[in-house]
Structure formats: C-alpha cells, structure tokens
Amino acid sequence: MSLPPVLQGRLSLPAVASPLFIISNPKLIIAQCKAGIVGSFPSLNARPLEMFDQWLTEIKAALAEHDAAHPEQPSAPFAVNLIVHKSNDRLMEDLALCVKHEVPLIITSLGANPEVNEAIHSYGGIVLHDIINNRFAKKAIEKGADGLIAVAAGAGGHAGSTSPFALISEIREWFDGPLLLSGSIATGDAVLAAQAMGADLAYIGSAFIATEEADADPAYKQMLVDYASSDIVYTNLFTGVHGNYLKPSIIAAGLDPDNLPESDPSAMSFGSGGSSKSKAWRDIWGCGQGIGSVKGVVPAAEVVARLRREYAAAVARLSTQTIA
C-alpha cells in the first residue's frame with residue numbers, strides 16, 4: 001500500500017476532508033489544506049460555472065501564498081468532486097476547468113467514466129472514486145480510477161450499508177492501491193482504526209459541517225452538536241440514493257422520519273439547474289453517525305488539531321500495550 005507522490009510528506013494527519021454538498025467553499029478548503037489535510041468540494045457548489053473557475057483560481061493562489069511563506073510546512077493538496085451521473089449536465093464543462101487548473105486530486109461519484117479518468121491523467125492528476133461495495137470498486141479500477149473511497153455504513157450523506165471491516169477486507173484481497181475509508185470517522189482514534197483495518201487515509205465529513213468556515217445554516221451546525229447517532233435516518237427519499245440524514249431536520253420539514261416512503265432511484269438528479277432533489281439538501285440535512293464527537297462549532301483548523309492530538313494519543317496508547 002502506498003500513497004501517490006502528491007500526498008507523500010504533505011499531510012499532518014492521514015485524512016481527507018470529504019466534499020460537502022452546498023456546504024464546502026474556498027474558505028473551508030483553504031483552512032483544511034493549510035492545517036495539513038486534503039480539502040475538497042463538489043464542483044456543483046460553485047454556481048454558475050464561471051464561479052467554479054474563480055474558486056479554483058482563489059484556492060490555488062491562497063495555497064501557493066501559504067507555501068511560499070511556510071516552505072517547511074507546505075499545505076496539503078486540494079480535491080474537486082465531480083458527479084459523473086448522467087443528470088449532471090455540467091460534467092464536461094467542469095472537467096475542462098479541472099484540466100485547465102490541473103486540479104491535483106479528483107473525487108468521482110455516482111458513475112465511473114473512462115473519459116473523465118483519461119482527462120485527469122493527461123496532466124498527471126489522480127482520480128479517487130467513491131464506492132459502497134466491492135463490485136463497484138472493481139468496476140471503478142477497471143475503468144481507470146487510481147484509488148478508491150470505501151463509503152461504509154454510518155457515513156454522512158450518500159452512504160453504503162456494509163460494515164467497514166467487511167468492505168475494506170474484501171477490497172484489500174485484490175487491490176493494493178490508495179484506499180480511503182468513510183463512515184463515522186470523527187475522532188483521531190477512528191483515523192488510526194481506519195489504518196489498522198487496511199485503509200491508507202480516513203475520509204471525514206460531518207465534523208467539518210460544524211465549523212466556522214462551512215456554508216451551513218447555523219441551526220444545522222448546532223444540530224450536529226446537540227444530537228447523536230440515534231438521531232439519524234437512513235433513506236433514499238430525498239435524492240434517490242440511500243443516505244444518512246438528521247431526524248430533527250426531517251421532522252422540521254413536516255415529514256415523519258419513522259415512516260418515509262421509498263424513492264425511485266431513476267429520479268436521482270444533480271444537474272446544474274438546481275432540481276428539487278438537490279434543493280432538498282438545503283432543508284433535509286445529511287450527517288454521519290460520528291456526530292457524538294462534535295462538541296461545538298469551531299474553526300476547521302481546530303478540528304484538525306483535535307484529530308491530530310487524539311491520533312497521537314491513540315498511537316502512543318497502543319505502543320504501550322502488549323498482547324498476552
């Protein structure tokens with residue numbers, strides 16, 4: 001197992017901040033990268049298309065300035081999430097801008113596309129594809145992805161239902177490339193556990209919703225502080241793909257979280273026009289099961305600092321333990 005060169009020696013913690021739909025923005029990504037973890041955002045967060053170009057320019061300039069001022073501690077690289085589903089009518093335009101700006105890491109979701117992978121590889125970029133089972137993992141690698149993001153049970157937003165132990169084990173039977181794990185990772189202990197299971201990096205999302213930089217409703221941020229894993233519902237009603245959502249936000253929208261109907265997966269939509277499906281995320285709030293570790297709304301750098309302290313403590317604790 002090995003990380004691509006773009007990630008080697010650039011991380012203060014073996015972690016990637018996942019792209020948060022509507023929530024991730026340049027301010028958050030820059031803070032995450034400066035703190036030493038990969039920051040990422042969905043290209044569709046930048047609307048209209050021209051704003052995506054502006055965001056890429058802003059992020060690259062800010063990180064270059066930081067690196068020039070801190071050559072001893074350069075920033076981590078950033079990543080862009082491209083939705084490869086057919087409903088995304090902006091995919092090829094966003095892809096062209098990623099190529100123009102030579103985005104170092106691309107996270108592809110909801111479809112593996114050889115054409116997309118080839119375009120990113122044309123300038124030396126790395127493609128990580130998120131999957132929820134071993135079958136999709138094999139397809140992604142066959143179609144040219146460089147690495148995988150195993151989205152296991154307990155992850156926020158769109159998530160699988162397979163145990164991380166099972167999913168990582170099945171993938172590692174045949175794949176020795178870059179592998180990330182997502183699912184209830186909100187502490188440094190969990191980051192170390194992900195590595196112990198066979199993942200190279202942890203993939204962390206919900207903890208960064210409750211940060212000062214995130215573009216989330218203040219009530220959304222506070223809800224992560226006030227509630228726990230028992231307050232999360234797994235449903236495909238809102239986008240056509242199963243995901244985890246905060247029960248109080250569902251109730252606030254006038255729905256019964258214990259009696260939600262099933263949605264038609266063919267109705268899934270992430271187009272640039274702002275469909276009713278994508279707008280659902282503004283009121284129905286996605287969240288992973290690890291929110292019990294979120295104790296307050298703080299700067300993103302403080303979240304990373306906490307994770308680093310916990311990770312170091314976990315490593316030290318294990319080093320003193322002996323097996324009888």
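# Exercises on a predicted model

Cys-33 counts as buried, at 0% relative accessibility. Keep that residue in mind as you work through the exercises on this predicted model.

## Exercise 1: the cysteines

Find out how many disulfides the structure holds, and explain why Cys-33 does not form one.

*Solution.*
- Step 1. Searching the whole structure gives 0 disulfides.
- Step 2. For Cys-33, look for the closest cysteine sulfur: that atom belongs to Cys-98 and is 14 Å away.
- Step 3. A disulfide requires sulfur atoms within 2.5 Å, so Cys-33 and Cys-98 are too far apart for a bond.
- Step 4. Now turn to Cys-98, which is in no disulfide either. Cys-98 is buried too, with a relative accessibility of 0%.

## Exercise 2: the sheet of 8 strands

Work out the strand order of the open sheet of 8 strands, then say which strands stand at its edges and why.

*Solution.*
- Step 1. Go across the sheet strand by strand: the order is β1-β9-β8-β6-β5-β4-β3-β2, and the pairing is parallel.
- Step 2. The edges are taken by β1 (15-17) and β2 (39-42). Each has a single partner strand, so one side of each has no neighbour in the sheet.
- Step 3. Follow the twist: from one strand to the next, it averages 25 degrees.
- Step 4. Add the helix that packs on this sheet. Helix α1 (residues 26-35) touches β1, β2 and β3 (78-83), and its direction makes about 155 degrees with that of β2.
- Step 5. Look closely at one pair. Strand β8 (residues 179-182) runs parallel to β9, and 3 bridges join them. Here Leu-180 is found opposite Leu-201 of β9.

## Exercise 3: a residue in a loop

Locate Asp-200, decide whether it is buried or exposed, and find its side-chain partner.

*Solution.*
- Step 1. Asp-200 sits in the loop that runs between α7 (188-197) and β9 (201-204).
- Step 2. The relative accessible area of Asp-200 is 11%. Buried means under 20%, so Asp-200 is buried.
- Step 3. The side chain of Asp-200 makes a polar contact of 2.9 Å with the side chain of Arg-172.

## Exercise 4: the sheet of 3 strands and Asn-244

Describe the open sheet of 3 strands, then place Asn-244 in its surroundings.

*Solution.*
- Step 1. The order of this sheet is β7-β11-β10, with antiparallel pairing. β7 (157-158) and β10 (232-235) are the edge strands, each pairing on one side only.
- Step 2. Between β10 and β11 there are 4 bridges in the antiparallel sense. Val-233, for example, has Tyr-245 in β11 as its bridge partner.
- Step 3. Asn-244 belongs to strand β11 (residues 243-246). With a relative accessible area of 3%, Asn-244 is buried.
- Step 4. A polar atom of the Asn-244 side chain lies 2.6 Å from the backbone oxygen of Ala-155.
- Step 5. Beyond four places in sequence, the contacts of Asn-244 include Gly-154, Ala-155, Ile-232, Val-233 and Cys-287.

## Exercise 5: reading the confidence

Check the pLDDT of the protein chain, and say where it stays under 50.

*Solution.*
- Step 1. Start with the chain as a whole: pLDDT averages 93, and 93% of the residues score at least 70.
- Step 2. Over residues 272-278, pLDDT stays under 50. For this stretch the model has 17 contacts beyond four places in sequence.
- Step 3. Predicted coordinates should not be read in detail where pLDDT is low.

Note on methods. Residues numbered from 1 in each chain as written. Predicted model: local features only at pLDDT ≥ 70, side-chain atom pairs only at ≥ 80, totals over all residues. Heavy atoms only, no water. Helix = DSSP H or I, 4+ residues; strand = E, 2+ residues; numbered from the N terminus. Buried < 20%, exposed > 50% of the residue type's maximum accessible area, 1.4 Å probe, protein only. Polar contact = N/O pair within 3.5 Å; in protein donor to acceptor, adjacent residues only side chain to side chain. Contact = heavy atoms within 4.5 Å. pLDDT = per-residue confidence, 0-100. Pairing = 2+ DSSP bridges. Axes fitted to C-alpha atoms, helices over the stretch in contact; angles between N-to-C directions.
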